[in-house]
Each structure stands twice: as C-alpha cells, then as structure tokens.
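This report describes one protein chain, beginning with a single strand and its surroundings and then turning to the chain as a whole. The sequence and the structure are shown first.

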Amino acid sequence: MLTTDYRLLFTDHPSNKQSTLYPQMLGKKMEAEIREQPAALGSNCQRYEHELSNHLRGKQFDLVLIAARGSSDHAALYARYLIEVYLGIPVSLAAP
C-alpha cells in the first residue's frame, strides 16, 4: 500500500508564513513510494486481472481513450502500443 501523506511535506516558511514544499523531502518520499510500487502491484495483480476480466468479458470496443499527464503519459503511450498491437483496437491519448 502506498503510504505517503503529502500534507506532511508542507510547512510554514518562517519569513512569510506561506506554505512551502521542501524539495529534498519530497524527493525522498517520492523515491520511497516509487520503490514500493512493484510489490504493491505484484501483490494485487491477480485481483486486478480477475476484476478486469469479469468487467470486460464479452464487450467489444471501437476505440480506447486514455487520459494522462506527466509520467503517467509515458505509461499511457506504452499501454497504447500494447492495446493496438495485441488487441487491434485504435487508441487515442488525451491530456486532461
């Protein structure tokens, strides 16, 4: 389970009392969370496959639309490739 509470990364700046994000803290928290992802995905993989299979079984699609930004856009680009090549369904990417 991803455990980072990003609200903890914000603190009052002593000079102007505005909320500030300290990048070094964010980097360490983000790296720790990124390193948790393979185990989190792996432990839920069978459940994801089962739920998706049940939901999508017997349905036909003319087009898949994937909305993503930032690093998710890179994952979406790879998903687009897999869906188009292996399922033969055209995919469009959108930036929300």
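In this predicted model, strand β3, which spans residues 64–67, has two unlike faces: Val 64 and Ile 66 form the covered face, while Leu 65 and Ala 67 form the uncovered one. In a regular strand, side chains alternate between the two faces of the sheet. Strand β3 pairs with strand β4 (residues 91–94) in the parallel sense, over 4 bridges. Within this pairing, Ala 67 stands opposite Ala 94 of β4.

Ile 66 belongs to strand β3 and merits closer description. Ile 66 counts as buried because its relative accessibility is 17%, and buried means under 20%. Leaving aside residues up to four places away in sequence, Ile 66 touches Ala 76, Ala 79, Arg 80 and Ile 83, and also Val 91, Ser 92, Leu 93 and Ala 94. A further relation links Ile 66 to Ala 95: the two residues are 29 apart along the chain, and their C-alpha atoms are separated by 8.5 Å.

What is the volume of the largest pocket? The value is about 280 Å³. Its lining consists of Leu 52, Leu 56, Lys 59, Phe 61, Val 64, Ile 83, Leu 87 and Ile 89. The elements that contribute two or more residues to this lining are α1 (23–56) and α2 (71–87). By class, the lining residues comprise 7 nonpolar, no polar and 1 charged. Val 64 is thus named both in this lining and on the covered face of β3, and Ile 83 is both a lining residue and a contact of Ile 66.

At the level of the whole chain, there are 2 helices and 4 strands, arranged along the sequence in the pattern β-β-α-β-α-β. The following table collects the values for the chain.

| Property of the chain | Value |
|---|---|
| Buried share of the 96 residues | 11% |
| Share of contacts between residues at least 6 apart in sequence that join residues at least 24 apart | 51% |
| Exposed area | about 8,100 Å² |
| Share of the exposed area supplied by carbon and sulfur atoms | 58% |

Ile 66 is one of the residues that count as buried.

Conventions
Residues numbered from 1 in each chain as written. Predicted model: local features only at pLDDT ≥ 70, side-chain atom pairs only at ≥ 80, totals over all residues. Heavy atoms only, no water. Buried < 20%, exposed > 50% of the residue type's maximum accessible area, 1.4 Å probe, protein only. Contact = heavy atoms within 4.5 Å. Areas by Shrake-Rupley, 256 points an atom, 1.4 Å probe, with all protein chains shown as cover. 1 Å grid on protein atoms, 1.4 Å probe; cavity = no way out; pocket = protein on both sides within 12 Å on 5 of 7 lines; lining within 4 Å. Points joined across faces, edges and corners; volume = space filled by probe spheres on them. Nonpolar A, V, L, I, M, F, W, Y, C, P; charged D, E, K, R; others polar. Pairing = 2+ DSSP bridges.
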